[in-house]
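Student: Please take a close look at one part of this model, the cysteines and the sheet with its helices. I would like one connected account.

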Amino acid sequence: MQNPNEDSEWNDALRRYNIIPEKEKEKEITEEDIVNMLEQTVESKQQGKGLDELTLDELNEIEDDLDEEDERRFEEYRRQRLAELMAIQKNARFGDVGEISKADYVTQVNNAGEGVWVVLHIYKDGIPICKLVNNHLVNLARKFPQTKFLRSVSSVCIPNYPDKNLPSIFVYFEGDLKKQWVGPFAFGGMNLKQDELEWMLAQVGAIQSDIEKPEKPEIEDAMTSAIRQSRINQDDSDDD
């Protein structure tokens, strides 16, 4: 039996006389359909990842599972994704925490370049909270390679810098100081979490993060409470 959906002169004649129905039109696949289709394929292969988070190798792997009909549209999406990844790579100029001395300060900080945010940590070995902040900054530097993260030992960078001011973080943009946090109280002490430090830097504009404000009392409130408690203890001591 001849296929009624086949393109032939015979079938065209039969359709003109309503002997066989009109050939069903193929549904046009929209860009949204393609994205949904790819997302479903991704879910089975890359659990927990969105389409825009896949690497080129992962996209190529998914392409192998597509039929010929969708391959052309997928290739267009893959080229778009490649352009996005190249743009990200171009801006990812840093990615780690560089160690500097006083002699490097002007070059690395003040003359960092147009559009460059610099996060400088002044620290000292042997101080636990300095080590904690350093660990957080190493992770944030990898997460936000567009931002320049630096650190310097206090005695090397700023002679006679008081230990009570450590750790200190200075944030610069195009050579101008935009924000500073000085001393352990400014960071909330040893309870400082990485997401809290990320949020602090994001509020200044040093990193592009959509992290929500961590559930924690304001740092200023913690400092005020500590000062108030110190005064109470002092008054009790005077009464005794």
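Tutor: Cys130 has a relative accessible area of 1% and is therefore buried, the cut-off being under 20%. Cys157 is buried too, at 6% relative accessibility. The model is a predicted one, and it holds zero disulfides. In general, a disulfide is a covalent bond between the sulfur atoms of two cysteines.

Helix H6 spans residues 128-143. This helix lies across S1, S2, S4 and strand S3 (148-153), and it runs at about 155° to S2.

The sheet beneath this description is open and has five strands, ordered S1-S3-S2-S4-S5, with mixed pairing. Strand S1 (97-99) and strand S5 (176-182) are its edges, each pairing on one side only. On average, neighbouring strands are turned by 25° against each other, direction ignored. As a rule, strands of a sheet pair through backbone hydrogen bonds, either parallel or antiparallel.

One pairing can be followed at residue level. Strand S2, residues 117-123, and strand S4, residues 168-173, are joined by six bridges in the antiparallel sense. Within this pair, Val119 of the chain stands opposite Val171 in S4.

A further helix, H8 (residues 194-204), also packs on the sheet. Helix H8 touches S2, S3, S4 and S5, and its direction makes about 150° with that of S5. Set side by side, H6 lies across S1, S2, S3 and S4, while H8 touches S2, S3, S4 and S5.

Notes
Residues numbered from 1 in each chain as written. Predicted model: local features only at pLDDT ≥ 70, side-chain atom pairs only at ≥ 80, totals over all residues. Heavy atoms only, no water. Pairing = 2+ DSSP bridges. Helix = DSSP H or I, 4+ residues; strand = E, 2+ residues; numbered from the N terminus. Axes fitted to C-alpha atoms, helices over the stretch in contact; angles between N-to-C directions. Contact = heavy atoms within 4.5 Å. Disulfide = S-S within 2.5 Å. Buried < 20%, exposed > 50% of the residue type's maximum accessible area, 1.4 Å probe, protein only.
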